[in-house]
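These are my notes on the model, set out as numbered points. Please read them alongside the sequence and the coordinates.

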Amino acid sequence: MKGASGSFFFMIVLVRYFSEPDISSRHTSNGWTQLQIKHGTCIGLRFCFNRLLNQNCFMLYHNLLLVYRSFQRFRNTFFINLIGLSSGLACTILIYLWISDEINFDKFHKNDHRLFQVMENEQTTTGIKTNTGTPDFLAKTLKDEMPEIEMADVATPADFFPPFTLSDSKKHVKGMGKFAGENFFSIFSYNLFRGNDQQVLKDKNAVVLSERLANSLFGSTDVVGKTVEWEMMDIKREVLITGVYHNVPVNSSEQFDFVLSFESFKDIMRMSNDANWNQSGPFDTYVVLKDAINVRQLNTKLADLISIKTNNAQHRSLFVRPYSDKYLYADYENGVQSGGRIDYVLLFSTLAILILVIACINFMNLFTAKVSRRAKDVGIKKVIGAKRSSLVIQYFTESMVMAFISLFIAIIIVNLALPQFNEISGKQLELHFNIQVLASIVGLTLLTGLIAGVYPAFYLSAFDIAAVLKGQVTTSLRDAWVRKGLVVVQFSITIILIVTVLVVHKQIEFLQTQSIGYNKEN
């Protein structure tokens with residue numbers, strides 16, 4: 001009673017203080033009075049905020065205590081749910097890392113949003129055939145005649161040649177190489193730490209080495225000005241090292257160890273400088289567009305370029321596509337983009353969702369399995385004044401706590417499984433907790449906790465007090481169908497996944513063991 005009367009007296013003092021501000025102004029000026037009123041308002045607001053904060057902290061502590069007691073009471077269910085959710089989250093995180101790596105391929109270039117590759121559509125008797133190969137002179141023509149283009153360059157594909165042999169006086173090293181124009185390192189972000197990106201390929205006898213190749217040949221990256229000899233298919237040339245670039249990132253669709261001048265390639269192949277528009281070529285043409293250029297309008301202009309140059313080649317037309325689409329959207333059918341590795345991204349995204357759904361359904365079923373024991377708790381809490389909203393919050397808190405405990409275990413599983421997963425997928429994935437990854441994982445966990453807890457929270461909190469206290473809790477036909485439906489969905493998804501894995505395994509085994517009709521070693 002003393003505490004209650006003290007609180008009541010304190011509230012009366014606050015009310016009088018705010019309702020009669022003129023009391024403090026009897027012996028002071030108006031400015032000082034306004035300052036006191038503002039100060040009193042701040043104290044009142046701070047008091048209300050602190051009280052609300054304390055109430056919320058107490059409710060959170062109370063709910064966490066109830067969750068802890070619930071875990072103790074239902075230990076078997078707790079551990080089964082923990083295994084299910086942690087396994088589901090671990091699989092989902094692994095798939096997320098793989099998908100994130102796939103969709104970020106070739107996105108590291110500083111000009112990514114303006115970097116495009118020129119493609120060619122050719123009308124044939126069987127339909128439209130889309131090629132990446134273009135003539136060697138196309139880059140210069142586009143730069144000279146298209147005001148929308150800021151930079152353009154030509155290069156050979158990275159897999160155009162077999163491995164080269166590079167050597168100095170002591171060592172011989174194998175490496176993948178390509179020929180490129182002088183703007184190559186200005187267009188792409190293969191960052192140089194030795195040499196100037198606008199100068200390194202101006203000389204036709206120049207070569208730019210990767211950091212790894214420079215260390216393999218010379219044991220150092222301070223090699224600018226030294227000479228090296230390359231050999232490929234009985235062709236030998238001595239070239240001058242003009243630069244060294246950082247190793248090509250693993251999420252680049254092209255991997256190469258050194259770059260030679262495209263002018264030296266033209267000399268070796270004795271290519272003419274005359275433009276022959278009647279023939280295409282095997283070379284890649286890249287362009288960087290100026291800001292705010294409409295790509296559709298540019299493609300309209302490019303579509304007529306070959307026919308204008310040749311006066312009759314109506315069956316060939318050019319267009320550009322984003323360079324970073326090269327990896328995921330490589331397939332074209334009858335001149336229209338029809339997929340590529342993006343199909344695998346969508347497939348594995350669906351797989352991750354299905355695995356997480358199985359884990360959430362398993363949590364729901366196990367959570368509501370102990371209906372009779374949990375119903376008594378609900379009945380007693382409602383008798384002493386608990387609202388349905390507070391019960392919903394309590395059960396959501398339990399599912400959230402379970403989800404985050406599972407996340408902790410899932411991260412341990414992911415770190416242990418990553419080496420084997422990288423070996424299977426052929427990638428070099430790592431779990432780095434940057435802002436993007438952390439936000440994605442925490443968001444995924446919150447979503448898992450919400451999905452897993454939504455049905456138990458609203459199902460258990462809806463029990464009637466009288467029926468519970470009389471021991472007459474019965475499962476309605478609707479609730480029974482919901483639970484049976486969840487079980488059917490869970491087992492259906494599981495069976496589909498198991499069958500899919502078995503089919504894929506048998507197909508891979510068939511490919512590995514079936515005779516291909518020739519000795520591939522010869």
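**Notes on the predicted model**

1. Ile 495 and its helix. Ile 495 sits in helix H16, which runs over residues 477-513. Its relative accessibility is 51%, and because exposed means over 50%, Ile 495 counts as exposed. Ile 495 also belongs to a nonpolar surface patch of about 440 Å², together with Val 487, Phe 491, Val 499 and Val 503. In general, an α-helix has 3.6 residues a turn, so residues three or four places apart point the same way.

2. Overall content. The model is a predicted one, and the points here should be read as such. The protein has 16 helices and 15 strands. Of its 522 residues, 41% are buried. Its accessible surface is about 30200 Å², and carbon and sulfur atoms account for 59% of that. Among contacts with a separation of 6 or more, 74% are between residues 24 or more positions apart.

3. Helix H4. Which residues of helix H4 are buried? In this helix, residues 138-145, they are Leu 138, Ala 139, Thr 141 and Leu 142. Viewed down the axis of H4, these buried residues fall within an arc of 165°, so they line one face of the helix. Lys 140 and Asp 144 are exposed on the other side of H4.

4. What H4 packs against. The partners of the buried residues of H4 include three helices and strands from the later part of the list: strand S12 (284-289), helix H8 (295-303) and helix H9 (305-310). Strand S1 (115-124), strand S3 (149-155) and strand S13 (316-322) are also packed against by the buried residues of H4.

5. Trp 277. This residue is in the loop between H7 and S12, and at 9% relative accessibility Trp 277 counts as buried. Beyond its neighbours within four places in sequence, Trp 277 contacts Phe 137, Leu 138, Thr 141, Leu 305, Ile 306, Lys 309, Thr 310 and Arg 316. Leu 138 and Thr 141 are among the buried residues of H4. The C-alpha atoms of Trp 277 and Pro 135 are 7.8 Å apart, although 142 residues separate them along the chain.

6. Gly 281. The loop between helix H7 (262-269) and S12 also holds Gly 281. Gly 281 counts as buried at 16% relative accessibility. Outside its neighbours within four places in sequence, Gly 281 is in contact with Gly 133, Thr 134 and Pro 135. From Gly 281 to Phe 137 the C-alpha distance is 9.5 Å, with the two positions 144 residues apart in sequence.

7. Positive phi values. Two non-glycine residues deserve a look at their backbone. Arg 270, in the loop between H7 and S12, has a positive phi near 55°; its relative accessible area is 78%, so Arg 270 is exposed. Ala 292, in the loop between S12 and H8, has a positive phi of about 60°. Ala 292 is exposed as well, with a relative accessible area of 84%.

8. Cysteines. How many disulfides does the structure hold? The number is 0. Cys 91 is partly exposed, with a relative accessible area of 34%, whereas Cys 360 counts as buried at 2% relative accessibility.

Notes. Residues are numbered from 1 along each chain as its sequence is written. This is a predicted model: local features need pLDDT of at least 70, side-chain atom pairs count only at pLDDT 80 or more; totals for chains, interfaces and linings use all residues. Side-chain values use heavy atoms; hydrogens and water are left out. Buried means under 20% relative accessible area, exposed over 50%, partly exposed in between (1.4 Å probe, protein chains only). Helices (H or I, at least four residues) and strands (E, at least two) are DSSP runs, numbered from the N terminus. The arc is that of the directions from the helix axis to the C-beta atoms. Contact means heavy atoms within 4.5 Å. Patches are made of residues with over 30% relative accessible area and no salt bridge: like charges are joined within 9 Å, nonpolar side chains (Val, Leu, Ile, Met, Phe, Trp, Tyr) within 5 Å. Accessible areas come from the Shrake-Rupley method with a 1.4 Å probe; for residues, only the protein chains shown count as cover. A salt bridge is a side-chain nitrogen of Lys or Arg within 4 Å of a carboxyl oxygen of Asp or Glu. A disulfide is a pair of cysteine sulfur atoms within 2.5 Å.
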